[in-house]
Amino acid sequence: MADSTEVVEQHEPKHHPHPESPHQRKYGFLSHVRSYLFFDPLIWLITVLLGIASIPFGFFDKDGSTLHAFASLWAKLTMKSIFSPMRVIGLDQVDISKPHVYAVNHGSALDIPALYAYLPFQFRILHKKELLAYPIVGWHLKRSKQVCVDQQNPSRSIGQIKSALRTLKAGMPLVIFPEGGRTPDGRIQPFLPGAFFLAIKAEIDIVPIALRGMYQLLPMNTYHIKSRPLEMHIGKPISTAGLEMKDMEQLSAKVQRAVEEMYYDGH
């Protein structure tokens, strides 16, 4: 399959009150069969095979770059296998040679593969502790130096947060999901101000990203993957220069507005 990624110019957003409806297209019996008997087993097969193959490399991967390459390959194969082309819009507005905090809306379990497949640089992800319980995936997250946060007991995550801060200052981009979890209805949930703590401390610009179509592709509480065109809208960096901890709520609101404008309007 040819590469379906396209980079185009970002335009000024228009105001639109509702996200695209998950019921715009109907998916019948054959769609369920295709998902449960083809897409889902294939994704698990790709995950298991590449996960196992990456294990020996992980023991010698000091900076996480080799495991990132495995994750990128896994993500590209996963996204290609579900016949859902991704259009990337606005990447030309960002200097990817510099570290940024990328703030992304969270609509689907396939958001992470989408990011690994279509962001053309190495990064780390701020993830929930619960993901460590998954076989292979949990091991991969630990060995590839992703940042784990215990949402039930944030004080236990201080070491990880300090490590992420050092990583950011050393030039490694960080991806965060400020909603704290996946949306249950396709609408963007309120952003958690604390998600921007690292950006302020490291004095790193925040890049808003809106993933469109991901909730409709695979919403919560189902394994029914509904093939469809997808879009990744990347906004202009938002500066954190001169901001302090007391400014987190204001910054959070500004980033959320930027993500919502791209998500609901698609421009």
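**View 1. Tyr 223 sits in the loop between α7 (214–217) and β7 (230–234).** The model shown is predicted. Tyr 223 has a relative accessible area of 58%, so this residue counts as exposed. Together with Tyr 36 and Leu 37, Tyr 223 forms a nonpolar patch on the surface. The accessible area of the three residues adds up to about 390 Å².

**View 2. The largest nonpolar core holds 38 residues.** Five of them touch the most other members: Met 86, Leu 119, Ile 209, Met 232 and Ile 234. Several elements give two or more residues to this core. The helices are α1 (29–58), α2 (65–81), α3 (111–118) and α7. The strands are β1 (86–89), β2 (101–104), β6 (206–212) and β7.

**View 3. A second, separate core has 28 residues.** Among them are Leu 168, Phe 191, Ala 202 and Tyr 263.

**View 4. Met 232 and the residues it touches.** Residues up to four places away in sequence are not counted here. Met 232 touches Met 86, Arg 87, Val 88 and Ile 89. Met 232 also touches Ala 114, Leu 115, Tyr 118 and Leu 119. Ile 209, Ala 210 and Leu 211 complete the list.

**View 5. The protein chain as a whole has 8 helices and 7 strands.** Of its 267 residues, 48% are buried. Among contacts with a separation of 6 or more, 79% join residues 24 or more positions apart. The chain exposes about 13,600 Å². Carbon and sulfur atoms supply 59% of that area.

Conventions:
Residues numbered from 1 in each chain as written. Predicted model: local features only at pLDDT ≥ 70, side-chain atom pairs only at ≥ 80, totals over all residues. Heavy atoms only, no water. Patch = residues over 30% accessible without salt bridge, like charges linked within 9 Å, V, L, I, M, F, W, Y side chains within 5 Å. Areas by Shrake-Rupley, 256 points an atom, 1.4 Å probe, with all protein chains shown as cover. Salt bridge = Lys/Arg side-chain N within 4 Å of Asp/Glu carboxyl O. Helix = DSSP H or I, 4+ residues; strand = E, 2+ residues; numbered from the N terminus. Buried < 20%, exposed > 50% of the residue type's maximum accessible area, 1.4 Å probe, protein only. Contact = heavy atoms within 4.5 Å. Core = buried A, V, L, I, M, F, W, Y, C linked by side-chain atoms within 4.5 Å.
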